[in-house]
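Please look through the sequence and the model side by side before reading on. The report below is meant to be read slowly, with the structure open for comparison.

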Amino acid sequence: MELFSSMAQYDYEQVVFCYDEASGLRAVIAIHDTTLGPALGGCRMWTYASEEDAVVDALRLARGMTYKAAAAGLNLGGGKTVIMGDPRKDKSEALFRALGRYIHSLGGRYITAEDVGTTVQDMDLIHLETPYVCGISPSYGSSGNPSGMTALGVFRGIQASAKHLYGTDDLAGRRVAIQGLGSVGYELARLLRGAGADLLVADVNPLQVERAVNEFAAQALSPQDILSAECDILAPCALGAVLNDETIPRIRAQIIAGSANNQLAEERHGDMLHERGILYAPDYVINAGGLINVADELEGYHPDRARSKVERIYDIMLHLYQLSSERHIPTYRAADEMAMKRIETLRQVRSTHLGHHEPMRRGR
């Protein structure tokens with residue numbers, strides 16, 4: 001790939017390559033945009049097929065975090081760290097502390113947190129080297145694992161979606177198909193069942209499915225059948241790119257609203273859903289609860305305050321749907337416009353203000 005061309009195309013600010021021979025650290029930190037504030041984004045550890053794949057993933061994820069933070073109303077920018085390695089066997093104290101030193105060298109421009117392949121305990125190791133990390137152990141005054149708040153935000157987003165489409169956010173008797181029963185998907189199932197929804201569930205782990213069947217009176221489906229299940233609401237809570245040329249024609253849900261990242265295989269698939277009259281909740285808006293929760297740590301974590309902020313996803317989703325209806329555009333485009341409008345407005349405000357005093361410094 002041509003790195004600088006890719007950075008220029010989507011206006012990235014900085015890419016940092018991190019290498020430490022002693023610990024075996026090979027990582028990439030991508031900072032997309034810090035107009036609204038320091039870049040916040042998780043640290044992912046994955047067995048990438050190539051170094052180029054790792055860089056591409058870091059860039060893609062960092063840009064997504066910019067949009068997520070902006071749409072959520074946070075004063076934060078977007079960034080991401082990816083570590084090349086197997087999270088099952090390549091982790092060590094030395095590796096995460098080495099990464100912590102790299103993060104600290106950025107002087108607060110980037111703040112990390114846990115993500116796929118990393119844990120609260122890994123963030124604690126990074127915290128030994130830098131304060132620029134969220135999602136550490138509650139013993140440090142932090143919030144711990146954000147999965148519960150992510151699930152709460154998705155639940156509130158589902159309620160808003162029902163309100164927009166059906167005129168009521170009452171989910172009693174609604175059939176909801178949940179693809180993926182990980183930490184977020186399972187908690188979402190609990191919240192939905194508590195609201196009276198009838199659940200269809202699928203996961204690659206049969207024990208999780210059995211647990212949901214017993215605890216929530218859910219109906220079990222195979223991972224292959226869940227996307228085409230007859231239901232009111234489909235909640236993808238597992239892999240990305242599940243909305244594609246193959247799956248969209250088979251979907252029988254009226255609403256798609258789940259926690260999975262990057263659900264659209266390509267942007268045009270958002271257009272396909274719009275043309276079919278399926279209400280799609282843009283993933284980076286509805287699943288922002290975890291980000292909102294860890295961001296609250298920057299103010300000194302307060303659980304009730306964080307929960308209140310996450311609950312606002314309901315109003316954000318309603319505003320997004322209203323914009324989509326008024327502009328006659330797909331919801332994913334409305335989400336992008338909503339996020340970019342906020343970034344551009346703040347960029348202009350800062351440029352105007354700084355123009356009278358000093359040259360504009362992007363991200364300051």
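What follows is a description of a sheet, some of its helices, the cysteines and a few residues in loops.

## The sheet

The model is a predicted one, and a good place to begin is its open sheet, in which six strands are arranged in the order β9-β8-β7-β10-β11-β12 with parallel pairing. The edges of this sheet are formed by β9, residues 219-220, and by β12, residues 279-280, each of which pairs on one side only.

Strand β7, which covers residues 175-179, pairs with β8 in the parallel sense over five bridges, and within this pairing A177 has L200 of β8 as its bridge partner. On the way from β7 to β8 there is helix α6, residues 183-194, and these three elements together make a right-handed β-α-β unit.

Strand β8 also runs parallel to β9, to which it is joined by two bridges, and here V201 stands opposite A220 in β9. A second right-handed β-α-β unit is made by β8, α7 and β9. How enclosed is β8 by the rest of the structure? Four of its five residues are buried, so β8 is largely enclosed.

Towards the other edge, β11, which consists of residues 255-256, pairs with β12 in the parallel sense, and two bridges connect them. In this pair, I255 is found opposite L279 of β12. Helix α7, residues 206-216, packs on the sheet, where it touches β8 (198-202) and β9, and the direction of α7 makes about 170° with that of β8.

## Two helices compared with their expected spans

For a helix, the number of residues gives an expected span, and this can be set beside the distance between the end C-alpha atoms.

| Helix | Residues | Expected span | Distance between end C-alpha atoms |
|---|---|---|---|
| α5 | 20 residues (147-166) | 28 Å | 28 Å |
| α12 | 15 residues | 21 Å | 21 Å |

In helix α5 the distance between the ends agrees with the span expected at 1.5 Å a residue, and in helix α12 the two values agree as well. Helix α5 is also largely enclosed by the rest of the structure, because 15 of its 20 residues are buried. Just after α5 comes G167, which takes a positive phi of about 85°. In α12, the buried residues include I313, Y314, I316 and M317, and also L320, Y321, L323 and S324.

## The cysteines

How many disulfides does a search of the whole structure find? The search finds zero. For C18, the closest cysteine sulfur is that of C43, and because the distance from the sulfur of C18 is 9.5 Å, the two are too far apart for a bond. C134 is likewise in no disulfide, and its nearest cysteine sulfur, which also belongs to C43, lies 13 Å away.

Are C18 and C134 buried or exposed? With a relative accessibility of 3%, C18 counts as buried, and C134, whose relative accessible area is 2%, is buried too. The cut-off behind this reasoning is that a residue is called buried when its relative accessible area is under 20%.

## Residues in loops

Some residues in the loops are worth a separate look. Most residues other than glycine have a negative phi. N262, however, has a positive phi of about 50° although it is not a glycine. N262 is placed in the loop between β11 and α8, the latter being residues 268-275, and with a relative accessible area of 34% it is partly exposed.

H328 is another residue other than glycine with a positive phi, the value being near 55°. Its position is just after α12, in the loop that lies between α12 (313-327) and α13 (331-355). Since exposed means over 50% relative accessible area, H328 counts as exposed at 67% relative accessibility.

Where does G107 lie? G107 is in the loop between α3, residues 93-105, and β6, residues 110-111, and this glycine is exposed, with a relative accessible area of 54%. Along the chain G107 and R63 are 44 residues apart, while their C-alpha atoms are separated by 20 Å.

Notes
Residues are numbered from 1 along each chain as its sequence is written. This is a predicted model: local features need pLDDT of at least 70, side-chain atom pairs count only at pLDDT 80 or more; totals for chains, interfaces and linings use all residues. Side-chain values use heavy atoms; hydrogens and water are left out. Two strands pair if DSSP finds at least two bridges between them. Contact means heavy atoms within 4.5 Å. Axes are lines fitted to C-alpha atoms, for helices over the stretch in contact, and angles run from 0 to 180 degrees between N-to-C directions. The expected span of a helix is 1.5 Å times one less than its number of residues. Buried means under 20% relative accessible area, exposed over 50%, partly exposed in between (1.4 Å probe, protein chains only). A crossover is right-handed if, with the strands pointing away from the viewer, the path from the first strand over the helix to the second runs clockwise. A disulfide is a pair of cysteine sulfur atoms within 2.5 Å.
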